[in-house]
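Here's a quick briefing to read alongside the model. Keep the viewer open and follow along, topic by topic.

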Amino acid sequence: MNWRRLWAIVVKEMRQMRRDRITLAMIIGIPVMQLVLFGYAINLNLRGLSAAVADQAGTAGSRALVMDMLATGVIEPVAAAHTPQELMELLRRGEISVGVVVPPDFERRRLDGREAVQVLVDGSDTVVQGAALQLAQMPVDASTAGMRTGANPTSVNPISVVSFYNPERRSAVNIVPGLIGVILTMTMVLFTGVAIVRERERGNMELLLATPLSRSELMIGKVLPYAVIGLVQTTVVLALGMWLFQVPVRGSVLDVYLASVLLILANLTLGLLISTKAQSQFQAMQMTFFVFLPSILLSGFMFPFAGMPTVVQWLAEVLPLTHFLRLIRGVMLRGAGLPELWPDVLALVVFTTVMMAAAILRFRKRLD
Amino acid sequence: MTKRFGDLVAVDDVDLTVPQACVYGFLGPNGSGKSTTIRMLCGLLTPSAGRIEVLGLRIPEQAEALRRRIGYMTQKFSLFADLSVRENLEFLAAVQGVPKARTGQRVDALVAQYHFQGREGQLAGTLSGGQKQRLALAGAVVHEPELLFLDEPTSAVDPESRRDFWEKLFELADAGTTILVSTHYMDEAERCHRLAILDHGALVADGTPAELTGALQGRTLEVTAAHPRQARRALVELPGVLSVAQIGNTLRVLAARDGDVVRRTRDALAAANLQARVEAVPPSLEDVFVAATQGRDEDPARDRAA
């Protein structure tokens, strides 16, 4: 390892990056955009679902129930309907996502303890379905409690849809730390994957191969500048998350950065491995998405890890993002220290070592 | 040395010896194996068979040690388009191990020698074709290599830039650098101290330009005829004639071997009732090239190997 040559590669990469305005914009733009988008989108309690109510009972009790439902703000009447058929038609046309049917025998059903109200749901959106299911569990008796005397077994429960929307009861507080990982996974793998393939495409690689540069100098020199970029992105997401969403950092900030460095290195080395295999930038991009999608879906960022089948869990254990999510949530939300989370630290270190070794071994200083 | 890519024999048992401090040319059409040969000599490709020794080092085993002592200019411009002239040279100096203290001085000298004053900050990608080639050459010699490989350095450059470029090559050779340069331009080949002609991956002739053309003495004729196309038809079929090429209003005839070619040509033209003047002319490298590659073209197996 010759430090001067290594440094020459680092300086070259930084100079090239500085001139690549679009990439530079993406480095900052992607985290900001995703944070704001996901942060606000996912922070939203599910409100304002377009709805229509067909109150066929028209009693004081049914009107009170409908008013209570609307008062939650979860549904918002956008169309008028008088029969269940009309509601189904509206649903089919996509004008509403929720329809509420109060049957003519509402009062009798209520007294009999039968289902008094039917909620029709556009089941094509599972999230809406979840929210509507919650709505359907609204205690019917509660809305008429004022008119009744005596104990009410179900009592008044404030309607909350939040926990239903988020399978893991997450909010921005939980999303932001994960978002650091998602953004790093997307940008780091792609940047390095493309960085080396681009040199091959442009013919620079033949020049570099004919110089005394060693494989590890070339690989590490290319990766280091991107590690710095990864830390910049971490800082952007962290700062914005604290500012916009009051995301706490209950553990030490140093641990947050150490965990990020671990993920950055794991992803960079994966990108390097991809670059030794990909023949064109397009291929490198495809391979990146091949890794990125499972990362997002299986790591526990979107769906609860515990609910996955065992085999899928094994698969998820291979993904760096899975381990990073455990680390970062532990540090930021539960105030844990990295030493307590050592299995995931170890997993990332092992992943990085294996990928780096594989990339260096696969990379030939030859053209054939 | 031999290089096969699958069934394709790109370089077929080429045997070369290049003397020091000379400009050694590789002449051959596209696909004749020039680039592959150069890449094998640099250690970028592993030969399928044969033995290579460059500057006393066995290749590819000692390719790493060799890389410090050679410069390589690729066929395609391979410097960084998004770095400036100076940044490119500084990068190569660092990578090639020019001592840090000397780097600034060396880059300044190259900028002056290769006429980049005032353009040091310009991005390499925005240079003209000729300037790019000059920069690539400056980059290839930044560490003052003993041996320089140039792969068709002037294939996309205007004639004046080519002349300038060759001036630089001779300066380098005078300073003791051995230069191996590939080209498909005859005029460039004529400038080389020594020359190897490659065709379909095989070495078909080598020697100094004078030796090569000297061997053809008496076999080249110029035919000036009123109807060159008809004269050409009359001569193409003549036994012993390797090629007849029309150049303006004259025909250049290359005969297979010595003998009274002039008389036989005249007879043939007379038999065809064509008025023509026939005279022997000094052979050129193009004739050498045609003579060397002619017979082989009729072998279809080799044709495909190109």
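What you're looking at is a predicted model. Chain B splits into domain 1 (3–207) and domain 2 (214–305), and chain B also touches chain A, with 24 residues of chain B in contact with 19 residues of chain A. The bullets start with the sheets of chain B, then turn to the contacts, chain A and a few backbone oddities.

**The six-stranded sheet of chain B**

- Six strands make an open sheet with mixed pairing, in the order E6-E7-E8-E3-E9-E10 (chain B).
- At the edges sit strand E6 (70–73) and E10 of chain B, each paired on one side only.
- Going from one strand to the next, the twist averages 15°.
- Inside this sheet, strand E3 (residues 23–27) of chain B runs parallel to E9(B), and four bridges link the pair. One spot to click on is B:Leu27, whose bridge partner in E9(B) is B:Ile197.
- H1(B) packs on the sheet and touches E3, E6, strand E7 (147–150), strand E8 (178–183) and E9 of chain B. The direction of H1(B) makes about 155° with that of E8(B).
- Helix H6 (residues 159–174) of chain B lies across E3, E7 and E8 of chain B, and runs at about 155° to E8(B).

**The four-stranded sheet of chain B**

- This one is an open sheet too, with antiparallel pairing and the order E12-E13-E11-E14 (chain B).
- Strand E12 (241–247) and strand E14 (276–280) of chain B each have a single partner strand, so one side of each is left without a neighbour in the sheet.
- Neighbouring strands here are turned by 20° against each other on average, if you ignore direction.
- Strand E11 (residues 220–225) of chain B is joined to E14(B) by five bridges, with the two strands antiparallel. Within that pair, B:Ala225 stands opposite B:Ala276 in E14(B).
- Two helices lie across strands of this sheet. Helix H9 (residues 228–236) of chain B covers E11, E12, strand E13 (250–255) and E14 of chain B, running at about 170° to E12(B).
- Helix H10 (residues 261–271) of chain B lies across E11, E13 and E14 of chain B, at about 170° to E14(B).

**Where the two domains of chain B meet**

- The centres of domain 1 of chain B and domain 2 of chain B, taken over C-alpha atoms, are 36 Å apart.
- Domain 1 of chain B puts 12 residues into the contact, and domain 2 of chain B puts in nine residues.
- On the domain 1 side, strand E2 (8–11), helix H7 (186–191), strand E9 (194–199) and strand E10 (202–207) of chain B each supply at least two residues. H7(B) gives the largest share, three residues.
- That side of domain 1 of chain B divides into eight nonpolar, two polar and two charged residues.

**Where chain B meets chain A**

- Which helices supply at least two residues each to the side of chain B that touches chain A? They are helix H1 (34–42), helix H2 (63–67) and helix H3 (85–95) of chain B.
- H3(B) has the largest share of that side, at four residues.
- By residue type, the side of chain B that touches chain A has 11 nonpolar, five polar and eight charged residues.

**Chain A in brief**

- Chain A has 16 helices and four strands, and 40% of its 368 residues are buried.
- Of the contacts in chain A with a separation of 6 or more, 77% are between residues 24 or more positions apart.
- Helix H11 (residues 215–245) of chain A has 31 residues, so at 1.5 Å a residue it should span 45 Å; its end C-alpha atoms are 44 Å apart, which agrees.
- Right after H11(A) comes A:Gln246, with a positive phi near 50°.

**Backbone oddities in chain B**

- Most residues other than glycine have a negative phi, and most peptide bonds are trans.
- The peptide bond from B:Ile59 to B:Pro60 is cis, with omega near 10°. B:Pro60 sits in the loop between strand E5 (57–59) and H2 of chain B.
- B:His115 isn't a glycine, yet its phi is positive, about 55°. B:His115 lies in the loop between helix H4 (100–113) and helix H5 (129–140) of chain B, and counts as partly exposed with 13 C-beta neighbours inside 10 Å.
- B:Glu144 also has a positive phi, near 50°. Its place is the loop between H5 and E7 of chain B, and with 14 other C-beta atoms within 10 Å, B:Glu144 is partly exposed.

How values were computed:
Residues numbered from 1 in each chain as written. Chains lettered and ligands numbered in written order. Predicted model: local features only at pLDDT ≥ 70, side-chain atom pairs only at ≥ 80, totals over all residues. Pairing = 2+ DSSP bridges. Axes fitted to C-alpha atoms, helices over the stretch in contact; angles between N-to-C directions. Contact = placed C-beta atoms within 7 Å. Domains from an automatic or database assignment. Nonpolar A, V, L, I, M, F, W, Y, C, P; charged D, E, K, R; others polar. Expected span 1.5 Å × (residues − 1). Buried ≥ 20, exposed ≤ 12 C-beta atoms within 10 Å, placed from the backbone.
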